[in-house]
Amino acid sequence: MARYILQRVFAAFVALWILTTVTFVLMHAIPGGPFTRERNVPEAIMRNLDAKYHLNDPLWKQYLDYLGGVARFDLGPSFKFPGQTVNDFIRRGFPVSAELGIIAIILSMAVGIPAGIISALRQNKWQDNTTMLVAIVGVSVPSFIIAPVLMYVFALKLHWLPAAMWGDWKQVIMPAVALALLPLATFSRLMRSSMLDVISQDYIKTARAKGLSELAVTWRHAVKNAIMPIVTYLGPLIAAILTGTFVIEQIFAIPGLGRQFVWSVNNRDYTTILGLTVFYGAFLLIMNLIVDIIYGFLDPRIQLTGRKE
Amino acid sequence: MSIVNGVNPGVFGSLPDNAFEHVGPIPEEQNLIVRPPTTYWQDAWRRLKKNFLAMCGLYVIIFFIALAIFGPMLTGYTYFGQVLQDANKAPSLAHWFGTDHLGRDELTRIFYGARISLSIGIVASVINLAVGALYGGISGLVGGRTDNVMMRIVDIIYGIPLQLVVILLMVVMGSGLLNIYVALGLVYWLGMARIVRGQVLALKEQEFVLAARMVGADQRRLLLRHLIPNTMGPIIVTLTLSIPQAIFTEAWLSFIGLGVAAPMASWGVLASEGVGGLRSYPWQTFFPAAAISLTMLAFNFLGDGLRDALDPRLRR
Amino acid sequence: MFKRLIAVALMLTVALSLGLAGCAKKPAQVTGDLAGDQTLRYDLGVAEPETLDPHLQQGVAEFNVASQMYEGLTRMDANNQPYAGVAEKWDISSDGLKYTFTLRKNSKWSNGDPVTAKDFEWSWKRALDPRTASPYSYQLYYIKGGQALNETDPKDEAKIKQLSDALGVKAKDDYTLEVTLEAPTPYFLGLTSFPTLYPVHRAEVEKFGDKWATKPEQFVTNGPFKMTKWVNNQAIEMEKSKNYWDAKNVVLKKIIFNLIDDQNTSLTMWESGQTDLNNNVPVQEIDRLKKEGKLTTLPYLGTYYYSFNVTKKPFDDPRVRTAFAMAIDRKLITQQITKAGQVPAYAFVPPGIPDVDPKGDFRKAGGDFFKEDLDAAKKLLADAGYKDMKKFPSFEILYNTSASHKTIAEAIQEMWSKNLGIPKEKVKLHVEEWKVYLPSRNTHNFQVARAGWIGDYVDPMTFLDMFVTNGGNNDPAYSNPKYDELIQKAKSSGDPKVRVPAMHEAEKILMNDMVIAPIYYYTNNWLIKPYVKGLAINTIGGVDFKQAWIAKH
């Protein structure tokens, strides 16, 4: 196992390096730069700007300098927001995005997974159909519609919650709900489906035949075996949601990392694009490693190291 | 209990003796097996037909496709014809679904939008199945170092900012529906690949796989005949849930400039354009969103039915 | 997007006083009762100002934060005239080249330090230092040696020092600043009220370097308000500065700048009473807001137009361009699409700029240059060789990703197709992401492109000098020696009797050639709670809270 993890960590570093390189190439390949503006500044001023941010260095040097910075955990200064650094953005934005994301994930699991189990146990009964309907609406109506509707109802009409911004717990509710809907729907559908698979398997039938109660069967065998796809789905989901979601952060004016990332691409804020990509990429690789380790615990038969034929 | 030719056994006694003629053995029928051999797919189709909700879903989808093709001819409006004086009119007899911000008939635009959005849904499904399920299946089945490499490739693609790729695609290839398919093709299989790979990792250690190996199934047969069919549950769920996301991704891609050029608009574009005026003109968001939801509902019923129909354990 | 443009501002503008008559040099005449809580909550309309270092700023939102904290040598009054700010009085030499400012002795930084002439000298040199890389440093090119200093190689420290020492700004003593200009510049005095010419506090800048303008406690400022809090992407808070020389006339105790950029969220915040002031109104809600009497529409010095690429067929022919300009129904666009009182435009320079007679209006004097006329348009096209419009070559309209630009582009597409009889599929729309679109437009890689321009200052020149041959913003690639000559003539003179007629003449040439098809003149839409009084909002988007107050409500 230790050897396997070592292998994976090595692969992760290689992947991160490829990711950085591809992103670096892509962002320099597309038109526009950080100082492209509707009003063109005189050439001399553009030269000053380029000099200040080392954009007049040859690309390979910029690339190597950047990699050097990453190795020292210095992601560089922002071009769009002078005086601020990409490390500042992460230090400020990540806790906010992560807080919202964790709440949303807990919410979606707490509701979605039991809903999925109930659906499966009551297949094609009203419980199942209701869950399905909610889930379908959850995935079909995107957050950019849900969020303004929530805001309209609960902030403007009922005055129960503040419309937007970030600070106290009341401001967490609407964005968390809006953010939770899609994973909630996914969890409930995935759970239902894999529960149905598991329930029809012979070992469950055996367990039942041995006289185990319905509850015990469900918990001890079915859920444990059905949770695999959920775990798979959770890996990238946690990485994606904890590093921020643009639409939700934009609509609710939340100072998270998701908005920063989209702005950075819009603004061609090179260091920020790269920095946040590296941050997200590292997070994703770690999550997926954890997922694979969890596989081993869930089903000890799984051999990640490959089979000798 | 039914008998050949549908003759009720109860009437035998009342028949005259010469009612039967001795025909002797029929050589050509001696080897005939009563139940015709059905393939996996025929079998699945037979079972799907018995599933009421699933067939409803299928009919709704066919109905929507028919509307997408013939609907625009029925409304008497075009998707581009503007009557600016009639902008933002609520639903009425003249405009069943109201008009948009340029005074175009919303219903007609939704019919046209169906062409794009349904095709996006279908293409996304095909990509998911053809690329995602296969890629994930191979990665999981082969395992070891291959798996590590294949999955890290998935992680890298996950990590690359899609917006950068899309802008580059747009600059290099210009706009058009085909380019949307390409963009979707680049990314819309990653989740599926991970799900299938996870399932296959677990399944391949199960007894039935060992049994199949024992009787000499090669990797290819193992994957296509045993492992993937047994992963149908999560595959179908992932598939049906990823379709709306593909439809909305298309709206975002079109906004950036990769999709079909205005004034043609998909459901996703219609919904996202309407949302700015959600309070004053709610129908501009409601109808396209409802069209997407209905389609998704239909796809889900069909998906659930397919799941049951394709489940090898239910094959009797 | 246009709102975020750089509207530099010689704040020579029709400052607009809401709730009280203009009495700019005096404090706001507070009428009626004051509210107990003098806090103003202003929705800035951006999620984060790019920077609050006044020398690095280039957007209206950023200016609107800085101008509450800082004060230049002058401020602008309601009659577009600079009046005494930090400078108590000034003296201009008879050749217009030398300005001697006398600073008031009671002007203080927020930490109690006196504001001195040395602060200005040091600050202006910093703004021009190439290592500062100030994007707006060209506002200081009027100073003798300014451009040369700014164009020096940033690595050549010796030369920077030499040119910096030679720069035409000298602190004669603590309260006397002497400025020498390259050429007589009638609007230089107005420029001294502009953020790039604000003084910054040397000790903080030197101590914290690049990061000085990122934390509230590091801002030492000299304006009516001082920053107390900055939660990034959330809010900036300011309090009235006790050390401001005119503090007795500042009524507001606190300003909260809410950092929100989503328009519908902004609107919800305002309607649910969480903000008082908002300049970020979604177009889809304008009808309703107008009906409910909530919308305040103010003039905005800008023109929305379509650029023709004059080097590419079929728009290399002025007759074709004119015909296309004539075939747009502007009234329909302003009434049914933009809806906020925009004015159909038949010329380039918008109304609101003085003419030769300072009381006159440049636009009124110049008049309209064409009419919407389909018969005339078809005749022009026939003259240009397009008798059968079904054979008109297909072309693309370029616009950038934005719902409102898209709507207008779709309307114009339909109008050109229907009104001129061009087959639908030949009038194509092409959308590009903002930073793809800008280079496309700037490198003349388009046929027709949507564009807009907000004045940098209140003078026709801010519009007209765009189209000189090889001009940095000459997207249509227009080139006409006669035009260039007239612009040069207007630029080289400080006399309105010379420059204004030259600019009228130039605009006439531009419009005869129909280099651009003007669509409408912008308006500026505000949502203002009725209890907010004493705002000064100018025609290029700037807002000043020095005299604002909250009425009892």
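Contact, in what follows, means heavy atoms within 4.5 Å. With that in mind, and remembering throughout that this is a predicted model, begin the tour by selecting chain B. Of the contacts in chain B with a separation of 6 or more, 73% are made by residues 24 or more positions apart. Colour chain B by secondary structure and you will find 12 helices and zero strands, so that a walk along the sequence reads α-α-α-α-α-α-α-α-α-α-α-α. Chain B has 316 residues, and buried residues make up 56% of them.

Now hide chain B and turn to chain C, which is divided into domain 1, covering 2-258 + 529-550, and domain 2, covering 297-524. If you mark the centre of each domain over its C-alpha atoms, the two centres in chain C are separated by 34 Å.

Stay with chain C and select helix 1, residues 60-69, where 10 of the 10 residues are buried. Among these buried residues are C:V60, C:F63, C:V65 and C:M69, and also C:E62, C:N64 and C:Q68. Show the surroundings of helix 1 of chain C, and you will see its buried residues packing against several strands of chain C, including strand 2 (39-43), strand 9 (225-231), strand 10 (235-240) and strand 21 (543-544).

Next, select strand 8 of chain C, residues 176-180. Four of the five residues of this strand are buried, so it is largely enclosed by the rest of the structure. To see its partners, add strand 6 of chain C, residues 98-103, which pairs with strand 8 in the antiparallel sense over five bridges, and then strand 7 of chain C, residues 169-173, which also runs antiparallel to strand 8 and is joined to it by four bridges. The connection from strand 7 to strand 8 of chain C is a hairpin through two residues. Pause at C:E178 in strand 8, because two of the pairings can be followed from there: C:T100 stands opposite C:E178, and C:K170 has C:E178 as its bridge partner.The next stop is strand 16 of chain C, residues 427-432, which is mostly covered, with five of its six residues buried. Add strand 15 of chain C, residues 395-400, and look for the six bridges that join it to strand 16, the two strands running parallel. One pairing to display here is that of C:E396 with its bridge partner C:K428 in strand 16 of chain C.

From there, select C:P393, which lies in the loop between helix 12 (374-383) and strand 15 of chain C. Is C:P393 buried, partly exposed or exposed? With a relative accessibility of 31%, C:P393 counts as partly exposed. Beyond its neighbours within four places in sequence, C:P393 is in contact with C:P314, C:Y386 and C:K426. A distance drawn between the C-alpha atoms of C:P393 and C:K426 will read 6.9 Å, although the two residues are 33 residues apart along the chain.

Finish at C:K529, in the loop between strand 18 (516-528) and strand 19 (532-533) of chain C. Which side chain of opposite charge is nearest to C:K529? It is that of C:D276, 6.5 Å away, and C:K529 is buried yet has no salt bridge. The side chain of C:K529 does reach the backbone oxygen of C:W270, at 2.9 Å. Setting aside neighbours within four places in sequence, show the contacts of C:K529, and you will find C:W270, C:E271, C:G273, C:T275 and C:D276.

Key:
Residues are numbered from 1 along each chain as its sequence is written. Chains are lettered from A and ligands numbered from 1 in the order in which they are written. This is a predicted model: local features need pLDDT of at least 70, side-chain atom pairs count only at pLDDT 80 or more; totals for chains, interfaces and linings use all residues. Side-chain values use heavy atoms; hydrogens and water are left out. Buried means under 20% relative accessible area, exposed over 50%, partly exposed in between (1.4 Å probe, protein chains only). Lys and Arg count as positive and Asp and Glu as negative; His and the chain ends are not counted. A salt bridge is a side-chain nitrogen of Lys or Arg within 4 Å of a carboxyl oxygen of Asp or Glu. A polar contact is a pair of N or O atoms within 3.5 Å; within protein, one must be able to donate a hydrogen and the other to accept it, and residues adjacent in sequence count only if both atoms are side-chain atoms. Domain bounds come from an automatic or database domain assignment. Two strands pair if DSSP finds at least two bridges between them.
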